[in-house]
Amino acid sequence: MYTTRWIAPSNIAIVKYWGKFDHQIPANPSLSFTLTHSYTDTKLIVIEGKTTQGDDPTVEVYYDGIPKPEFQPKILKFLKAILHEYPWIMGKLLKIETKNTFPHSSGIASSASGMAALACCIEDLHTTHFAPQSFRWHKASESARLGSGSACRSVYGGFVQWGLSSDGEGSDLYATPVQQVHPDFKTIYDFILILDSGEKSVSSTVGHSLMKGHPFASRRFEQGKENVIRLKEILKTGNWSSFIELMESEALTLHAMMMTSTPPFILMKPKTLEAIQKIWQFRQTTNLPVGFTLDAGANLHLIFATNALEAVEQKLLPELQYLCEQNLIIKDLIGRGPYKVDS
Ligand code: DP6
């Protein structure tokens, strides 16, 4: 029996991944930062199976101690996708005990942190017991990608790129950390406004597939490529106002792609627009570096610099809190990425 336990945080994309080719190859590079407090904590116990070597693995999944057979198909699919790298998984029983620090309804991508945590557990057992060598972060990221695209970025802390960009940096197969980051971007906050906790009407998987044959797809993929290059320059020079302009354009473009898909769909809610107006008003009157981004959902990520923290807490949050379900705002910030804990 082999056991390990890893914590992996979620991430928030500034340049969005939306549209992919076969084998989880992104249509454009994306760039995110990894969070601190919104994470998945996963313990993996590998037990010699009763089945013969060469058989598929079996999985048992527990979420917060409760058996979750409905999670099994996605995890089995993931394990089959990484078998070539980790052949010892064949015929084993994998017991997975997992939990998230954030509510399921929060719109924080649990697949990103969940798949990153599981990929780190498997790479750890591999390099400790089955093929002794040092932990290969890029392999953990590559595996995580096969579970969920955005998960490959959660294998590193700080700002992270996934996808080859025109400057020759990055890879479509795994994520890489962004090296040159100005001190003004070393701390960056993400306060997540829970505006709507309802089930999403269209999943990310369906959303990605609707980019196939989308009338604006090729232009959007070009824009994503250009924006990764622009964003890296912004991160290097520390220009917060350009950062916000690019980030908000990416978020609204993502949702514009949804609205112009066939069939179209809208994931924003009236409260999302109300919150955007309040953020824009606040920025206009205070001139502080505060902006927003959106994932594939209605909840807004309020993104800002350290010098805005006090004003956000005292003046902006009281205006936004009443829009949130049960006044819920998840206060997070950039973090150091996954780490192993005592199992
Ligand atoms: C809008 O990574 O969830 O959050 O690869 O199908 O699992 P799959 O998709 P997923 O898509 C994330 C989309 C996004 C943008 C982003 O995180 O870059």
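A polar contact is a pair of N or O atoms within 3.5 Å. The exercises below use this cut-off on a structure that is a predicted model.

**Exercise 1. Which side chains place an N or O atom within 3.5 Å of an oxygen atom of the ligand, among them that of glutamine 24?**

Begin with glutamine 24, where an N or O atom of the side chain is 3.2 Å from an oxygen atom of the ligand, a value that falls within the 3.5 Å cut-off. Continue with serine 150, which has a polar side-chain atom 2.6 Å from an oxygen atom of the ligand. Then take aspartate 295, whose side chain brings a polar atom to 3.2 Å from a ligand oxygen. As a last step, consider the cover that the protein gives: the ligand taken alone exposes 460 Å², and the protein buries 93% of that area.

**Exercise 2. Describe the shell around the ligand and say where the ligand lies with respect to domain 1 and domain 2.**

The shell counts 15 residues, and those that come nearest to the ligand are Tyr17, Ser148, Gly149, Ser150 and Arg153. Sorted by class, the shell holds 5 nonpolar, 6 polar and 4 charged residues. Now turn to the domains: because domain 1 (2–178) and domain 2 (183–333) both give residues to this shell, the ligand lies between them.

**Exercise 3. In what order do the 4 strands of the open sheet stand, and which of them are at the edges?**

The order is β11-β12-β10-β13, and the strands pair in antiparallel fashion. The edges are taken by β11 (290–294) and β13 (329–333); each has a single partner strand, so one side of each is left without a neighbour in the sheet. From one strand to the next, the twist averages 25 degrees. To look at one pairing in detail, follow β11 to β12 (residues 300–305), an antiparallel pair joined by 5 bridges, and find glycine 291, whose bridge partner in β12 is isoleucine 303.

**Exercise 4. Locate proline 263 and histidine 23, and state what the backbone does at each.**

For the comparison, recall that most residues other than glycine have a negative phi, and that most peptide bonds are trans. Proline 263 sits in the loop between α6 (240–259) and α7 (270–286), and the peptide bond leading to it from threonine 262 is cis, with omega near -5 degrees. Histidine 23 belongs to the loop between β2 (20–21) and β3 (25–26); the phi of histidine 23 is near 60 degrees, a positive value in a residue other than glycine.

How values were computed: Residues numbered from 1 in each chain as written. Predicted model: local features only at pLDDT ≥ 70, side-chain atom pairs only at ≥ 80, totals over all residues. Heavy atoms only, no water. Near = heavy atom within 4 Å. Polar contact = N/O pair within 3.5 Å; in protein donor to acceptor, adjacent residues only side chain to side chain. Areas by Shrake-Rupley, 256 points an atom, 1.4 Å probe, with all protein chains shown as cover. Nonpolar A, V, L, I, M, F, W, Y, C, P; charged D, E, K, R; others polar. Domains from an automatic or database assignment. Pairing = 2+ DSSP bridges. Helix = DSSP H or I, 4+ residues; strand = E, 2+ residues; numbered from the N terminus. Axes fitted to C-alpha atoms, helices over the stretch in contact; angles between N-to-C directions.
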